[in-house]
Amino acid sequence: DHLHPKSNTSSGKIKDFSEMLRSIMPNYGVFYFSQCYGGAFAEQVGVGNRIGISSSNKTGRGWYLPQEDEGNYFTTPLFKKLFESGVSIEGAFKYAAAHYVDPLKLLTRRETPQLFWQNADPSKLYLGK
């Protein structure tokens with residue numbers, strides 16, 4: 001709900017959802033958040049052996065009108081590289097952050113993509129074959 005951003009960034013909701021995701025115990029996990037305020041989720045989940053990626057920061061919107069969906073513009077180059085052979089998770093993130101284009105905002109980027117990790121080094125992990 002873009003009209004009530006405080007409800008979307010409620011620390012209780014973020015904490016509850018993040019705890020639920022952290023209860024998943026993978027060897028390594030990569031979680032991507034393209035929704036509004038996704039940086040808060042990515043930060044809370046990107047601990048231990050999990051990597052948190054988001055298309056927006058803690059206070060940024062990931063989705064506007066369909067012609068302005070920042071989350072989609074970042075998602076396209078991210079997933080283009082994320083599963084490419086020889087490209088690390090960090091490499092895919094950096095590629096997407098440098099190459100996504102919002103056609104309505106060519107001169108300014110409204111959002112700041114985020115990458116969080118603790119023990120799972122995204123520069124050494126690959127999802128591509």
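Helices here are DSSP runs of H or I with at least four residues, strands are E runs of at least two, and both are numbered from the N terminus. The model is predicted, so local features need pLDDT of at least 70 and side-chain atom pairs count only at pLDDT 80 or more, while totals for chains, interfaces and linings use all residues. Residues are numbered from 1 along each chain as its sequence is written, and side-chain values use heavy atoms, with hydrogens and water left out.

**Exercise 1. Find the salt bridges in the whole structure, and work out what the one between Glu 43 and Lys 58 ties together.**

Step 1: Set the rule. A salt bridge is a side-chain nitrogen of Lys or Arg within 4 Å of a carboxyl oxygen of Asp or Glu.

Step 2: Run the search, and three salt bridges turn up.

Step 3: Take Glu 43 and Lys 58, whose closest N and O atoms are 2.7 Å apart. Glu 43 sits in helix H3 (residues 38-45) and Lys 58 in the loop between strand E2 (50-54) and H4, so this pair ties together parts that are 15 residues apart in sequence.

Step 4: Check the cover, where buried means under 20% relative accessible area, exposed over 50%, and partly exposed in between (1.4 Å probe, protein chains only). Glu 43 is partly exposed at 28%, and Lys 58 is partly exposed too, at 43%.

**Exercise 2. Place Glu 90 and Lys 94 in their helix, then look at Glu 84 and Lys 81.**

Step 1: Glu 90 and Lys 94 both belong to helix H5 (residues 89-99), four residues apart, or about one turn of the helix.

Step 2: Their salt bridge has its closest N and O atoms 4.0 Å apart.

Step 3: Glu 84 and Lys 81 also pair up in a salt bridge, at 3.3 Å from N to O. Glu 84 is partly exposed at 31%, whereas Lys 81 is buried at 18%.

**Exercise 3. Describe the surroundings of Thr 75.**

Step 1: Locate Thr 75 in helix H4 (residues 70-82).

Step 2: Skip the neighbours within four places in sequence, and Thr 75 is in contact with Tyr 32 and Ser 34 (contact means heavy atoms within 4.5 Å).

Step 3: Zoom in on Tyr 32: its side chain and that of Thr 75 are joined by a polar contact of 2.7 Å. That term covers a pair of N or O atoms within 3.5 Å; within protein, one must be able to donate a hydrogen and the other to accept it, and residues adjacent in sequence count only if both atoms are side-chain atoms.
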